[in-house]
Amino acid sequence: MQLGTPLSQYLIEEQRLYPEATGSFTLLMNDIALACKTISAAVRKGALVDVLGNAESDNCQGEQQKKLDIIANELFIKNNIWRGHIAAMASEEMEEVYPIPDGQPKGKYLLVFDPLDGSSNIDVDGPIGTIFSIMRSDKENPTEEDFLQEGTKQVCAGYCLYGPATMIVISIGHGTHAFTLDPDIGEFVLTHKDIQIPEDSAEYSINHANRLGWEKPMRQYVEDREAGKNGPKGKRYTMRWVGAMVMDVHRILMRGGMFAYPIDEGIRAKGGRLRLMYEANPISFLVEQAGGIATTGYQRILDLKPSGLHQRVPVIIGSKNEVTDILNFHKSYAEQNSLEFTHKCRLFS
Ligand code: AHG
Ligand code: MN
Ligand code: MN
């Protein structure tokens, strides 16, 4: 596949690898790309049109909704509901499963999404994104239970980043690839093929304000980096935090690093900050397909059996050697405190 290949051609060439394919997945992906282009167009206009600021509502998780959270959610539904490729949808902004209305054709896929990631960046003209995950369903009328599949079962994971350029990054299990929206032709074209996250890095990304509540392994990891050249890593590190997971992860896919929203005492009761189904799982799939690691510290994220649509989990992802250091700290901590540790990968100890 050459750089410059349009996303629509990439999808058809992938489809041809499976002679039994009906083309439904290809069409669904085209609908998602259209939804992202439509959101991108709204984002680009910013304050020129009425898309900034708060809405007069909270979402089902008690978070203040921004106008753009609601607009992006509606655009995603609108562009996907009528084509007949989906059995049901679920989103950060909707408490329950959103069924395809009776009378509309239904398909075999489940679509889960975070319509607008990094909402706190909307009003400051910062980077934001959309995250999505596609799974299979064998039910005519899927329920929440049908959505609660391990991340390993995702058929496709992806995000769209509304940064200086609009980019879609996807994986259908054959590597992670990035397509940049060419505004002149209105098409996403392949610009980053088979992304490989560098194994080493000197950059990490974490909300330091939560530091006092972190568990010992996370504190140990950051303290080692803060020690710089005189510390155990023998090099100077830098820290980056955009506050939109899509952007912080995109940086890691492009040049390596470590991103974490670990457990801290302030959020322990909730299970974490980021949501498993539409944040942690799709991002972990993309990261693993690019040669990185994705873990809660104790378990591989993609192996978790979800307990609910809006379940939250700790997230630690990125360059192999950085995340392996963190896993080693968790492994020792788990042994000392009789905690379960199941993440299997290349550990040094
Ligand atoms: P969302 O805007 O969809 O609610 O997600 C925001 C998430 C994630 O993208 C980001 O990494 C994190 O929240 C930021 O958290 P802090 O506000 O603690 O920095
Ligand atoms: Mn989000
Ligand atoms: Mn969101």
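A residue is termed buried when its relative accessible area is under 20%, exposed when it is over 50% and partly exposed in between, as evaluated with a 1.4 Å probe on protein chains only. By this criterion Asp 114, with a relative accessible area of 0%, is buried. The structure is a predicted model, in which local features need pLDDT of at least 70 and side-chain atom pairs count only at pLDDT 80 or more, whereas totals for chains, interfaces and linings use all residues. Residues are numbered from 1 along each chain as its sequence is written, chains are lettered from A and ligands numbered from 1 in the order in which they are written, and side-chain values use heavy atoms, with hydrogens and water left out.

The protein chain contains 8 helices and 17 strands, these being DSSP runs numbered from the N terminus (H or I of at least four residues for helices, E of at least two for strands). Its radius of gyration, taken over C-alpha atoms, is 20 Å, close to the 20 Å that the globule rule (2.2 Å times the number of residues to the power 0.38) gives for 349 residues, so the chain is as compact as a globular protein of that length. The C-alpha trace spans about 60 × 45 × 45 Å along its principal axes, and buried residues make up 58% of the 349 residues. Among contacts (heavy atoms within 4.5 Å) with a separation of 6 or more, 63% are accounted for by residues 24 or more positions apart.

Two manganese ions are bound through protein donors, defined as N, O and S atoms within 2.8 Å of the metal (3.2 Å for Na, K and Ca); water is not among the atoms, so sites may look incomplete. For the manganese ion (ligand 2), the protein donors are Asp 114 (OD), Asp 117 (OD) and Glu 279 (OE), at 1.9 to 2.1 Å, and they follow the spacing D-x2-D-x161-E along the chain. Asp 117 lies in strand β5 (residues 109–117) and Glu 279 in helix α7 (residues 276–289), so this pair ties together parts that are 162 residues apart in sequence. Asp 117 is buried at 5% relative accessibility, as is Glu 279 at 1%.

The manganese ion (ligand 3) has as its protein donors Glu 92 (OE), Asp 114 (OD) and Leu 116 (O), which lie 2.1 to 2.2 Å from the ion and are spaced E-x21-D-x1-L in sequence. Leu 116 is buried, with a relative accessible area of 1%. Asp 114 bridges the manganese ion (ligand 3) and the manganese ion (ligand 2), which are 3.7 Å apart.
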